[in-house]
Amino acid sequence: MAANPPVIRFRDVEQIFTGNDGRPIHALTGLDFEISRHEFVSVLGPSGCGKSTLLRLVSGLIHPSAGAVEIYGMEVTEPRDEIGIVFQKPTLLPWFNVQNNVTFPMRHKYGRVHKEDNERALELLDLVGLADFAQKRIDELSGGMQQRVAIARALLLDPDILLMDEPFSALDALTRDEMSFELLRIWSERPKTVLFITHSIPEALLLSDRIIVMSERPGTVREIIDVPFARPRTMQTLSDPAFTELANHIRGELFSKPAAA
Amino acid sequence: MKNIIRLLDRFAPVMAVVCVLGIWQAATWLFAIPSFLLPSPTSIVAAGFGVDPSVWIGHIWATLRVAVMGYALAIAIAIPLAISLSMSRLLSRTLYPMLVVIQSTPIVAVAPIIVVTLGAGDMPKVVITFLITFFPIVVSTTTGLLATPEELIELSRSLRAGRTREIFHIRLPYALPFLFSALKISTTLAVIGTVVAEFVAAEKGLGFFIAFSTSFFKIPQAFSGLVILVLLSLTLFRLVGFVQKRFAPWSLPKSER
């Protein structure tokens, strides 16, 4: 892991917003960590701890108040091509069918969709298990299927980095578990550097190489946990005693009072 | 039994109309209501057929032409205006109050002034129709443009697609349900605007026909003009609904597709 150069690097990042009342809101402070190539890293924390802000900093949509976010050693100043984003909601376009939703980034960025893009879209739909749904309307799909389309869309431009902002949190519990295993399968077939925002401890444990546990606002890194379970992870991983033990440890971290500093 | 209920359900709207007409007809006959107070449905139909078809066509064409021109002008101006309003806070802060003032001015009161200013012909009528129709289109379209999910805008920005594509690929299509509901409301408004203009100054058109018939106390004939106006409004309304269903079915609620 250490042999590879960091894909994403946070250098003492601080983020301060101006609230509606004009007072500054300290969202993130002292973030300093690295993410290596093809590493799957989850960011876990209570709501309002700035998890999504952290993701937007990597995407280049917002800029840190202090410090710097680097991708491949270069400071992020604007959105970059290496990044694909999956949001909490699928946010697909209802006027397009499934396939055209997947090719949308191409149409939107370059103005046209070529034959190869359509072939690529079909390939990705096959990858996410929706090969037979290319011509379906969006409202004919379930929530889980829609999120699969969103993942295919994020992969269209073949990004090195996949940013996922609580992508399964709007799904029901069963679909959610299914999607976690699906994501593991997709990730093993198309290795990417993944930054995965979640507030689910089992989800983070099942998916990640490392987990960044965040504190409440101002959000900062409380602990970075190496997840020891061997891959490929399966249903058995969930029932591993070590899994429960680690989950309890993280739960303890999250619910304990802020560390005296 | 089940079939009878289904049939009743299906023809309920038609039957309701027929019942009202029947009661109306019976009332005028039973209470001997003079036709200048409330003409019976049959006398209205008779009066309608009493007018030469070529005369009807002339009046309908005059009204339809002005209504459609004013409506088209409203769309042509309202949509770009809505785009500018949604894009610029400064513009929306400066223009919006003015739009509200224009909207708050009773169009019937302004109509004679506009006719004096712009003279005879279609021009003042088109302007009056435009003024009454464009406000709902601007407001609804602006709301729609701003109702786009934040994530999609972020997706667009992360792709660095540019503002123009953001508007045409994402915001405008997302505003279509809003735009279409305004377009439907505006069809009736367009007909109202045209009729108001024709009341003030016209020598043709259904508004003129009604005013003219009333002044000669031909009340059944005035009513027949009214019926044609309603049919015209309904047709325009349905036409917009048809366009929406044909070209943007996803913008309709599932039950209406």
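**Sheet architecture and aromatic contacts**

In chain A, the strands β2-β1-β4-β5, in that order, form an open four-stranded sheet with antiparallel pairing. Its edges are formed by β2 (24-36) and β5 (74-75) of chain A, each of which pairs on one side only. The model described here is predicted. Strand β4 (residues 66-71) of chain A runs antiparallel to β5(A) and is joined to that strand by two bridges, and A:I71 has A:M74 in β5(A) as its bridge partner. Helix α1 (residues 51-59) of chain A lies across β1 (6-18), β2 and β4 of chain A, with a direction at about 120° to that of β1(A).

Across all chains, 15 aromatic pairs are counted. One of them is the tilted pair of B:F36 and B:F217, in which the ring centres are 5.9 Å apart and the planes enclose an angle of 40°. This pair links distant parts of chain B, since B:F36 belongs to the loop between α1 (2-30) and α2 (41-50) whereas B:F217 belongs to the loop between α9 (206-215) and α10 (219-247), the two residues being 181 residues apart. B:F36 counts as partly exposed because its relative accessibility is 46%, while B:F217, at 60%, counts as exposed.

Ring pairs also link A:W95, A:F96, A:F104, B:Y174 and B:W250 into a cluster. The ring of A:F96 has, in addition, the charged end of A:R107 over it, at 4.8 Å from the ring centre. In chain B, B:R246 lies over the face of B:F247, with a distance of 5.2 Å to the ring centre.

Key. Residues numbered from 1 in each chain as written. Chains lettered and ligands numbered in written order. Predicted model: local features only at pLDDT ≥ 70, side-chain atom pairs only at ≥ 80, totals over all residues. Heavy atoms only, no water. Phe/Tyr/Trp six-rings, centres within 6.5 Å; stacked < 30°, edge-to-face > 60°. Buried < 20%, exposed > 50% of the residue type's maximum accessible area, 1.4 Å probe, protein only. Lys NZ or Arg CZ within 6 Å of the ring centre and 35° of its normal. Pairing = 2+ DSSP bridges. Contact = heavy atoms within 4.5 Å. Axes fitted to C-alpha atoms, helices over the stretch in contact; angles between N-to-C directions.
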